[in-house]
Amino acid sequence: QVQLVESGGGLVQAGGSLRLSCAASGRTFSNYAMGWFRQAPGKEREFVARITWSTGSTEYASSVKGRFTISRENTKNAVYLQMNAMKPEDTAVYYCKVAPTTTFTTDFGFWGQGTQVTVSS
């Protein structure tokens with residue numbers, strides 16, 4: 001059973017920064033990707049960023065490209081999301097996810113419990 005533990009959410013002013021962390025346990029992830037989705041009130045859950053475990057290849061949603069950076073630490077089975085130049089529209093519950101790289105943007109995979117990020121204007 002895979003467990004994902006997230007941390008780092010909170011309240012920040014517009015233009016500020018936050019760093020989310022997610023630690024995975026329960027198995028190895030050599031053919032998987034780890035990353036983040038988010039869901040704002042009244043909206044669908046949306047993809048934010050992902051990184052492949054083996055090569056470190058990254059992908060971002062257009063809304064966060066250039067502001068957010070995803071990274072991984074293989075020895076700790078951890079992934080991080082550095083969020084800079086934050087905007088009020090970044091306010092959402094952020095979910096960590098682990099899934100096969102080819103199906104990462106589907107609902108299939110392992111999900112964290114979510115962490116609230118609030119950006120005040």
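Reader: What radius of gyration does the protein chain have, and what would a compact globule with 121 residues have?
Author: The protein chain, which is a predicted model, has a radius of gyration of 13 Å, and this agrees with the value near 14 Å that a compact globule with 121 residues would have. Along its principal axes, the C-alpha trace spans about 40 × 25 × 25 Å.

Reader: How many helices and strands are there in the protein chain?
Author: There are zero helices and 11 strands, so read from the N terminus on, the order of elements is β-β-β-β-β-β-β-β-β-β-β.

Reader: And what share of the residues counts as buried?
Author: Of the 121 residues in the protein chain, 45% count as buried. As for contacts along the chain, if one takes those between residues at least 6 apart in sequence, 55% of them join residues at least 24 apart.

Reader: OK, sheets. In what order do the four strands of the open sheet come?
Author: The order is β1-β3-β8-β7, with antiparallel pairing, and the edge strands are β1 (3-7) and β7, each of which pairs on one side only. From one strand to the next, the twist averages 15°.

Reader: How many bridges join β1 to β3, and what stands opposite valine 5?
Author: Five bridges join β1 to β3, and the two strands run antiparallel. Opposite valine 5 stands alanine 23, which is in β3.

Reader: Going on across the sheet, over how many bridges do β3 and β8 pair?
Author: β3 and β8 pair over six bridges in the antiparallel sense, and serine 21 has tyrosine 80 in β8 as its bridge partner. β7 and β8 also pair over six bridges, again in the antiparallel sense, with arginine 72 standing opposite valine 79 in β8.

Reader: How many residues are between β7 and β8 in the hairpin?
Author: The hairpin has four residues between β7 and β8, and asparagine 77, which is in the turn, has a positive phi of about 50°.

Reader: Switching topic: how many disulfides does a search of the whole structure find?
Author: The search finds one disulfide, and this link joins cysteine 22 to cysteine 96 with an S to S distance of 2.0 Å. Cysteine 22 lies in strand β3 (residues 18-25) and cysteine 96 in strand β9, so the disulfide ties together parts that are 74 residues apart in sequence.

Reader: Is that link left-handed or right-handed, and are the cysteines buried or exposed?
Author: The link is left-handed, with -85° about the S-S bond. Cysteine 22 is buried, with a relative accessible area of 1%, and cysteine 96 counts as buried as well, at 0% relative accessibility.

Reader: Which residues touch the most other members of the largest nonpolar core?
Author: That core has 36 residues, and Met34, Trp36, Leu81, Met83 and Tyr94 touch the most other members. The elements that give two or more residues to this core are β3, β4 (32-39), β5 (46-52), β7 (68-73), β8, β9 and β11 (115-120). As background, nonpolar side chains in soluble globular proteins tend to be buried together.

Reader: What does tyrosine 94 touch?
Author: Leaving aside residues up to four places away in sequence, the contacts of tyrosine 94 include Leu20, Trp36, Phe37, Val48, Phe68, Leu81, Met83 and Val117, and among them are also Glu6 and Arg38.

Reader: What about arginine 50: buried or exposed?
Author: Arginine 50, whose place is in strand β5, is buried, because its relative accessible area of 14% falls under the 20% cut-off. Not counting residues up to four places away in sequence, arginine 50 touches Ala33, Met34, Gly35, Ser57, Thr58, Glu59, Ile70, Thr101 and Phe104.

Reader: Last one, methionine 86: where does this residue lie, and is methionine 86 buried or exposed?
Author: Methionine 86 lies in the loop between β8 (78-83) and β9 (92-100), and at 2% relative accessibility this loop residue counts as buried. Beyond residues up to four places away in sequence, methionine 86 touches Val12, Ala14, Gly15, Gly16, Ser17, Leu18, Arg67, Val117 and Val119.

Reader: And what separates the C-alpha atoms of methionine 86 and serine 120?
Author: Those C-alpha atoms are separated by 9.3 Å, while the two residues are 34 residues apart along the chain.

Key. Residues numbered from 1 in each chain as written. Predicted model: local features only at pLDDT ≥ 70, side-chain atom pairs only at ≥ 80, totals over all residues. Heavy atoms only, no water. Buried < 20%, exposed > 50% of the residue type's maximum accessible area, 1.4 Å probe, protein only. Contact = heavy atoms within 4.5 Å. Disulfide = S-S within 2.5 Å. Core = buried A, V, L, I, M, F, W, Y, C linked by side-chain atoms within 4.5 Å. Pairing = 2+ DSSP bridges. Axes fitted to C-alpha atoms, helices over the stretch in contact; angles between N-to-C directions. Rg over C-alpha atoms; globule rule 2.2 N^0.38 Å.
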